[in-house]
Amino acid sequence: MKEHLKLSIAAALQAGSEILKIYEHSEIQVEIKSDQSPLTIADKAANDLINSFLLPTKIPIISEENKQTEYSVRKEWDRCWIVDPLDGTKEFIKKNGEFTVNIALCESGRPIFGVVYVPVTRELYYGDVNLGKAYKTKLNAVHNTDIALFAKKDEILPSGKPKNLYRVVGSRSHMNEDTMEFIGELKKEYGTVEIVSKGSSLKFCLVAEGLADIYPRFAPTMEWDTAAGQAICNAVGLKVTLKGSRDELTYNKENLLNPFFLVGK
């Protein structure tokens, strides 16, 4: 599995570099897909590159930009890659830097490792659920690691029990009434609540590295939006549970649309 993790890291870095070429040097042309979500040439270019890395593993791929396989076939898969080649396309279009490349490997519906790469800041998050470790490594200017991966100093951990301040991750684009009601209940319990706004799967990463305490997501997401972030959170002992339940979010479902969920302890 470690070789597959290294492969997915290499794919994410290459995809991130390709995305930045378009981000920095091109006028961004936007298409609107049938589900009304935006699509750019960066999404397509990153997807093609990631597929070129992952297809030789012979492990099937669920990617936002691939044609989706019927569930009658998918349900027989023991393992699969779940990929979002450019998570946060709206953030990419706004040019605020808060977009990521997400790659996860799932087994029996559970993420076993994940990679989240932030091309603009060159921050690489990666976690192995079975080993119970996750990391944040800063890349060099050409998107290569100039230090060893899996370094002790790069390990990340979630925060301890909040005392006087409870930090809630909120979406740049999806703060809704349900979320605000949830935050209101937290204020009754903790007093002071700070909302930390981020785009894309960076919201998972903020909780995993202890820069926020909880991430409520009461708006639609797809499996490719969450699998890599969940793997990183699971690797540091956090749960991604369905709203109103202690059941964890699972993958390669018949419907790839996720139910609402909470990320925390």
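Two strands count as paired if DSSP finds at least two bridges between them. The exercises below apply this to a predicted model.

**Exercise 1. Describe the overall build of the protein chain.**

Step 1. Take the secondary structure: the protein chain has 7 helices and 13 strands.

Step 2. Compare the radius of gyration with the globule rule. The value is 17 Å, close to the 18 Å that the rule gives for 265 residues, so the protein chain is as compact as a globular protein of that length.

Step 3. Add the outer dimensions. Along the principal axes, the C-alpha atoms fill a box of roughly 50 × 45 × 40 Å.

Step 4. Turn to burial and surface. Of the 265 residues, 55% count as buried. The accessible surface is about 12,200 Å², and 50% of that belongs to carbon and sulfur atoms.

Step 5. Look at the contacts between residues at least 6 apart in sequence: 61% of these join residues at least 24 apart.

**Exercise 2. Work out the strand order of the sheet that contains β12, and find its edges.**

Step 1. Write down the order. The sheet is open, has 3 strands and reads β11-β13-β12, with antiparallel pairing.

Step 2. Find the edges. β11 (215-217) and β12 (239-242) each have a single partner strand, so one side of each is left without a neighbour in the sheet.

Step 3. Give the twist: from one strand to the next, the average is 15 degrees.

Step 4. Examine the pairing of β12 with β13. β13 covers residues 261-264, and 4 bridges join the two antiparallel strands. At one point along β13, Phe261 stands opposite Leu242.

**Exercise 3. Characterise the surroundings of Val240.**

Step 1. Place the residue: Val240 belongs to strand β12.

Step 2. Decide whether Val240 is buried or exposed. Its relative accessibility is 0%, and buried means under 20%, so Val240 counts as buried.

Step 3. List the contacts, leaving aside neighbours within four places in sequence. Val240 touches Phe261, Leu262 and Val263, and also Phe204, Gln230, Asn234, Asp247, Glu248 and Leu249.

Step 4. Check a separation. Val240 and Asn176 are 64 residues apart along the chain, and 20 Å separates their C-alpha atoms.

**Exercise 4. Do the same for Tyr166.**

Step 1. Place the residue: Tyr166 lies in strand β9, which covers residues 166-171.

Step 2. Judge the accessibility. The relative accessible area of Tyr166 is 8%, which makes this residue buried.

Step 3. List the contacts beyond four places in sequence. Tyr166 meets Leu186, Tyr190, Thr192, Val193, Glu194, Asp213 and Ile214.

Step 4. Check a separation. Ser72 is 94 residues from Tyr166 in sequence, and the C-alpha to C-alpha distance is 44 Å.

**Exercise 5. Determine how many disulfides the model holds, and explain the result for Cys106 and Cys205.**

Step 1. Set the cut-off: a disulfide needs two cysteine sulfur atoms within 2.5 Å.

Step 2. Test Cys106. The closest cysteine sulfur is in Cys80, and at 5.4 Å it is too far for a bond. Cys106 is buried, with 2% relative accessible area.

Step 3. Test Cys205. Here the closest cysteine sulfur is in Cys233, 7.1 Å away, which is again too far for a bond. Cys205 is also buried, at 0% relative accessible area.

Step 4. State the count: 0 disulfides by this rule.

Definitions and conventions
Residues numbered from 1 in each chain as written. Predicted model: local features only at pLDDT ≥ 70, side-chain atom pairs only at ≥ 80, totals over all residues. Heavy atoms only, no water. Helix = DSSP H or I, 4+ residues; strand = E, 2+ residues; numbered from the N terminus. Axes fitted to C-alpha atoms, helices over the stretch in contact; angles between N-to-C directions. Buried < 20%, exposed > 50% of the residue type's maximum accessible area, 1.4 Å probe, protein only. Contact = heavy atoms within 4.5 Å. Rg over C-alpha atoms; globule rule 2.2 N^0.38 Å. Areas by Shrake-Rupley, 256 points an atom, 1.4 Å probe, with all protein chains shown as cover.
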